Amino acid sequence: NPVTAISKPASPPHRDKLLNRSEIRTVLRLLGCNADSVSSRVGLAFLFALRTGMRAGEICAVRRIHCHLDHVTLTLTKNGSLRHVPLSRKAKRVLRHALDLGHEPVFGLTSGTLDTLFRRARDAAGLIDVHFHDSRHWAATNMARKLPVVDLCRMFGWKSMSQALTYYNASAGSIAALLDK
């Protein structure tokens with residue numbers, strides 16, 4: 001059988017992009033996040049993703065009943081399980097702002113709308129190598145400095161600690177700086 005000699009192609013390497021503050025500011029400036037326009041709600045969703053590590057689809061699905069004082073409950077995640085996402089003070093501020101806008105779901109967005117408007121802002125900024133999902137890497141890398149890996153895995157919904165290595169993208173310089181703290 002000639003098919004037995006064919007092997008599956010290797011999995012591509014994980015994306016290793018870590019947003020920098022300039023890229024984040026540029027995208028947020030183009031989208032806005034203070035008004036009640038669709039574009040501003042995409043900016044709010046991006047800011048919320050940076051603060052929580054939540055995926056775009058998870059953010060778009062958040063309803064008022066999922067919002068609690070210190071966490072958001074995700075009833076359906078990518079891996080099909082329930083997850084509670086703890087909220088920092090900054091994440092609570094973003095969520096409170098979104099709740100005050102009065103939409104249901106909270107951010108008043110579909111995944112398709114979020115994706116389209118985010119890409120338009122990214123392209124207008126000339127940031128071709130920036131994706132909404134990069135906010136998850138940024139959040140994981142920043143939270144890894146504050147949380148034990150077990151808590152980080154729980155927050156992000158990772159079933160294996162090795163998944164933390166996929167999303168933790170600190171540079172050698174930033175790790176070296178931690179050594180001197």
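Phe-156 is buried, at 1% relative accessibility; buried here stands for under 20% relative accessible area, exposed for over 50%, and partly exposed for what falls in between (1.4 Å probe, protein chains only). Trp-158 is buried as well, with a relative accessible area of 7%. Keep in mind that this is a predicted model, where local features need pLDDT of at least 70, side-chain atom pairs count only at pLDDT 80 or more, and totals for chains, interfaces and linings use all residues. Residues are numbered from 1 along each chain as its sequence is written, and side-chain values use heavy atoms, with hydrogens and water left out.

On to the rings. The structure holds six aromatic pairs, a pair being rings of Phe, Tyr and Trp (its six-membered ring) with centres within 6.5 Å; planes under 30 degrees apart count as stacked, over 60 as edge-to-face and the rest as tilted. Here are two of the pairs.

| Pair | Centre to centre | Between the planes | Type |
|---|---|---|---|
| Phe-46 and Phe-132 | 5.7 Å | 55 degrees | tilted |
| Phe-156 and Trp-158 | 4.7 Å | 25 degrees | stacked |

The Phe-46 and Phe-132 pair ties together distant parts of the chain, 86 residues apart: Phe-46 sits in helix H2 (residues 38–52), Phe-132 in the loop between H5 and H6. Helices are DSSP runs (H or I, at least four residues), numbered from the N terminus. Both partners are tucked away, Phe-46 being buried at 1% relative accessibility and Phe-132 at 9%. Ring pairs also bring in Phe-118, making a cluster with Phe-46 and Phe-132.

Phe-46 has plenty of other company. Leaving aside neighbours within four places in sequence, its contacts (heavy atoms within 4.5 Å) include Leu-19, Ile-24, Val-27, Leu-28 and Ser-135. Phe-46 is also one of the three residues, with Phe-48 and Phe-107, that touch the most other members of the 48-residue largest nonpolar core. Such a core is a set of buried Ala, Val, Leu, Ile, Met, Phe, Trp, Tyr and Cys residues joined through side-chain atoms within 4.5 Å.

Next along from the Phe-132 story is His-133, in the loop between helix H5 (111–124) and helix H6 (134–143). His-133 is partly exposed, at 33% relative accessible area. Its side chain makes a 3.0 Å polar contact with that of Tyr-167, a polar contact being a pair of N or O atoms within 3.5 Å, where, within protein, one must be able to donate a hydrogen and the other to accept it, and residues adjacent in sequence count only if both atoms are side-chain atoms. His-133 also contacts Arg-55, which is 78 residues away in sequence but 6.6 Å away in space, C-alpha to C-alpha.

Methods:
Helices (H or I, at least four residues) and strands (E, at least two) are DSSP runs, numbered from the N terminus.
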